[in-house]
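Q: Hey, could you walk me through the charge pairing in this one?

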Amino acid sequence: MTTRVLGKTFLFLFVFFLLDHCLGSFIERYGLSYNERTVRSIYLQKEKLDILFVGSSHMYSAVDPQIFAERNIKSMNLGLATAGPIYYTYMIRAFLNHNKKPGTIVVEAAYQDFTDKSDNLSYGYFTYLGFRDRLAYYLERKDYRTFIGSLSRTFLNRDYFFSAVSACLGKDTKARWDNGFIYTEGSLEDGQTLADGLKTYHDYFKDNPNHLLDEKFQLFDSILSSLKESGIDVIIIDLPEYRLLQDDPTYQPLRVQFVQKMFHMASRYRYRFIDFNASESCKDLRKDKKLFRSVDHLNWQGGKVFSRILMDALDRPF
Amino acid sequence: MQFTSLNFLLFLLFLVTVHYLMPLRFRWVTLLLGSLYFYACYKIEYVILLPAISALIYFAGIRMEGVTSVLSRRLYLAATITSILAFLIAFKYLNFIGESASGILRHFNVLYDAPEFRFLVPVGISFYTLKALSYSIDVYRNDISAERHFGRLSLYISFFPQLLAGPIERSPRLLPQFRGNANLDLRRIADGCKLMLWGFFKKLVIADQLAVYVNQVFDHPPDYHGVALIMAAYLFTIQIYCDFSGYSDIAIGAAQVLGYNTMDNFNRPYLAESVREFWHRWHISLSSWFRDYLYIPLGGNRVSRGRRHLNILVVFVLSGLWHGANSTFLLWGAFHGLALSLSAATTGARKKAAVLLQLERIPQFHKALRILVTFHIVAFAWIFFRANSVSDAFLIMGNMMSLDPHLALPKAVDLNYLVAALVAVMALLAVEIIQRRPRIDASLRAAPIWYRWSIYYVLIFAILLFGHKGSSQFIYARF
């Protein structure tokens, strides 16, 4: 009797995980958004990269690895929506655990990424890391419940079920994703988008004058420190924002303070920091409404233009 | 610790393991400690209430049994009932009594500001106090002998699957099981798990998803009219059933996994053909409690017709107030009392009308009509139950009649999940119509394995995909 019941239990669980795997795979194939695909692509790299780009949504909108590929530079864009230093830490770690060291890591350092506006996606992308990386993360954060939930592939991908069904039925088409670069649409020629973006940031800066978080700087510092120890070259970049955002009187002094801090941190490790908002090379780009989809995000056309500027700025033999 | 949380499942797994590893005579200790821990997870200070009430009924029971004089027994019983009710009133009704007194006095131009007591109502107090009362009354009536084992009596009061929202189990059924040998029975454990799975499905996939719409509408009644309000009333009718019967299934299933059988609390209530029958099928443990310990002692059916109607009204008003210290519950109870009285008073007339309309020739249609009418009476009454205030309830009822056909979907509602929940409701309805037994595990036992497993997988994947994130508290756990 006991053997029979135990046998049935094992069979039941086996069939469950089989179905779970199939359903989960279906959702992943049709429904996953770009961020999750980006995380998964960490495990699909086969060759040694020349450059790894790490950053937030600013990064995935701004750097197109295809442009770099034109000059035979192998690169990958690990930009993730709302990412900040917490995400950078685990993504870089996961990448280095599974791939050869890249020649250079280009890390984004945007003002917003060091505030409470970053690293705050409640569900997180970490559940999309491989099993071991995921386990390490959740053990470190003592978040066992989320880890247990992530054991079911269906549960893990549940938020994308309906978009998977829509995509499968041909009702939902998504923008192209290309090795981390997303072909994002929209432009600031739509005056409402521009006005709303400026207002949102203005209100945020006005209401939160002291919102740069020390712990994020410390975390960023530890990323630079560990990469230094690994002998990986790092370039820190501040990606271009639309000119009028920089003109905000509340934002200006806060940003000056942030850039100084970044320069100081980069020089401590003898890394380069390139501020593309102060750079002459981006002067025209930052005025062009057609190239931005929001005040601090380029669209795909802007991304292609900027990728060439970035490639010239990096100016190194690979 | 929510029944629908991962913490609860881990707690149950741990407790079940320890429970079956313990020698038989010490299993009550594991269960009692587990139950007290479970209660402490809500508010540790209130854990003391459980042994306090247990001690009260323990000593009172033994004393009652020890005296032969009827007067002394009555005095002991009266003292016990008063003490238990004092607990309940102190924690749950003081503010309501104060506010009501203040409101009444204002009508006579007497200004009285009732003091406000700011403490949380201990979860499940309404349920375990009824268990304590029924035990004491049973001992007084000599229906059972007083329990001499304080630990087991405490366990009867504190038994965690029933602690928050019942079923309000009677001692003659549960106490002997604590004394007996609940051996490890894998089939029973499997049945318990199936029942819990069904409960999780009802709560997470249906009740919690419907709650998003219902809460939005009932919490902002002036913003909605016509169809939107009618839809909210219907959805709440389904939500409360799935929420409470889902809870009961999980509770009964958890007890079953531990080796204990408890009473059923629901028997397809929305298929009742009259309000009277509805109360035989809905929250059975409560309605039978009020029948046995209040309605029958008041005279039951053996009194004059007028007195009988009055008794029904009293029982239902008290039953409404038992749910919560609020006038909305009072009105809900009174509405049901009146509906039941009216139903009893018009039985003959309705039979004559059925003959006149020749409904007896088409019994299936007649039955469906009776079910439909009963369902709508019950659904209408739920408006009082769910509304945040009496004025809100009347506003909702008034605005329902506006016949505004526009069905505004609140922003918080995700149409995909609402549709998934409605599909699940259809499935539930189909199951309830086909099902002949109150419990799904019993209904499925005879089915072939592929059929049963398919159902389990559908339920599991429905929970994984469409179960509401961050499940809300069970409605009845607030009482």
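**Salt bridges**

A: Happy to! Searching the whole structure turns up 26 salt bridges over all chains, a salt bridge being a side-chain nitrogen of Lys or Arg within 4 Å of a carboxyl oxygen of Asp or Glu. This is a predicted model, where local features need pLDDT of at least 70, side-chain atom pairs count only at pLDDT 80 or more, and totals for chains, interfaces and linings use all residues. Residues are numbered from 1 along each chain as its sequence is written, chains are lettered from A and ligands numbered from 1 in the order in which they are written, and side-chain values use heavy atoms, with hydrogens and water left out.

Q: Cool. Which residue does A:Asp238 meet in a salt bridge?
A: A:Arg255, at 2.2 Å from N to O. A:Asp238 sits in strand 6 (residues 233-238) of chain A and A:Arg255 in helix 13 (residues 251-268) of chain A, so the pair ties together parts 17 residues apart in sequence. Helices (H or I, at least four residues) and strands (E, at least two) are DSSP runs, numbered from the N terminus.

Q: Are those two buried or exposed?
A: Both A:Asp238 and A:Arg255 are buried, meaning under 20% relative accessible area, with exposed over 50% and partly exposed in between (1.4 Å probe, protein chains only).

Q: Switching to chain B, what does B:Arg173 pair with?
A: B:Glu169, in a salt bridge of 3.4 Å, N to O. B:Arg173 is partly exposed at 41% relative accessible area, while B:Glu169 is buried at 1%.

Q: And which residues are joined into one network?
A: A:Glu28, A:Arg40 and A:Arg153, through salt bridges that share partners.
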